[in-house]
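Reader: I'm new to this structure and I'd like a close look at one part of it. Could you pick a spot and walk me through what surrounds it?

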Amino acid sequence: MTAIGKLRHLVTIKRPIGRDTAGQPQTGSVEVATVWADVRHPNGLETIKSDAELSIVKASIRIRYLDGIVAGMWVEHDGETYDIRAVLKDPTGRRYLDLVCQTGARRA
């Protein structure tokens, strides 16, 4: 079980607004939750794509269990936005979620 002291980063989880009455995607986001988390950066990758340097940072973000968190949402923390690629539930029950995340930023 994750000790409370390990969840020391305050993060905000967001999702897209959705679709309008005509079924068209709307721009913008809705805050799903602001929660305490353990944010870890196990590795990063730098590459060249389309003549621009691209820096990709992968992160593992652990939060207390929360219903409704799915891939396609994103996490905002310390000025960075992390796309949630996968949501892994703990194997013993509903104690925590591990969010497999990635962020990529283009540099001029």
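Author: Happy to, and let's begin with His77. Keep in mind that this is a predicted model. Setting aside residues up to four places away in sequence, His77 touches His9, Leu10, Val11, Val39 and Tyr82. You'll find His77 in strand β4, which covers residues 74-77. Is His77 buried or exposed? Its relative accessible area is 14%, and the cut-off for buried is under 20%, so His77 counts as buried.

Now slide back along the chain to Val75. Again leaving out residues up to four places away, Val75 touches Val11, Thr12, Ile13, Ile61, Glu80, Thr81, Tyr82, Ile84 and Leu99. Val11 and Tyr82 may ring a bell, since they are among the contacts of His77 too.

One name on Val75's list deserves its own stop: Ile61. Ile61 sits in strand β3. With a relative accessibility of 0%, Ile61 is buried. Once you skip its neighbours within four places in sequence, Ile61 is in contact with Ala37, Asp38, Val39, Val75, Tyr82, Leu97, Asp98, Leu99 and Cys101. Take Ala37 from that list: 24 residues separate Ala37 from Ile61 in sequence, yet their C-alpha atoms are 6.4 Å apart in space.

That brings us to the largest nonpolar core, which has 18 residues. Which members touch the most others there? They are Ile13, Ile61, Ile63, Val75, Ile84 and Leu99. The elements giving two or more residues to this core are β1 (9-16), β2 (29-49), β3 (52-64), β5 (80-89) and β6 (96-107). Strand β2 provides the largest share, four residues. As a general point, nonpolar side chains in soluble globular proteins tend to be buried together.

Stepping back, the chain has six strands and zero helices. Of its 108 residues, 32% count as buried. Among contacts with a separation of 6 or more, 50% join residues 24 or more positions apart. The chain exposes about 7100 Å², and carbon and sulfur atoms supply 50% of that area.

One last thing to look for while you're rotating the model is the ring of Tyr96. Arg62 lies over the face of Tyr96, at 3.8 Å from the ring centre. If you go hunting for aromatic pairs, the structure holds zero of them.

Notes:
Residues are numbered from 1 along each chain as its sequence is written. This is a predicted model: local features need pLDDT of at least 70, side-chain atom pairs count only at pLDDT 80 or more; totals for chains, interfaces and linings use all residues. Side-chain values use heavy atoms; hydrogens and water are left out. A nonpolar core is a set of buried Ala, Val, Leu, Ile, Met, Phe, Trp, Tyr and Cys residues joined through side-chain atoms within 4.5 Å. Buried means under 20% relative accessible area, exposed over 50%, partly exposed in between (1.4 Å probe, protein chains only). Contact means heavy atoms within 4.5 Å. Accessible areas come from the Shrake-Rupley method with a 1.4 Å probe; for residues, only the protein chains shown count as cover. Rings of Phe, Tyr and Trp (its six-membered ring) pair if their centres lie within 6.5 Å; planes under 30 degrees apart count as stacked, over 60 as edge-to-face and the rest as tilted. A charge sits over a ring if NZ of Lys or CZ of Arg is within 6 Å of the ring centre and within 35 degrees of the ring normal.
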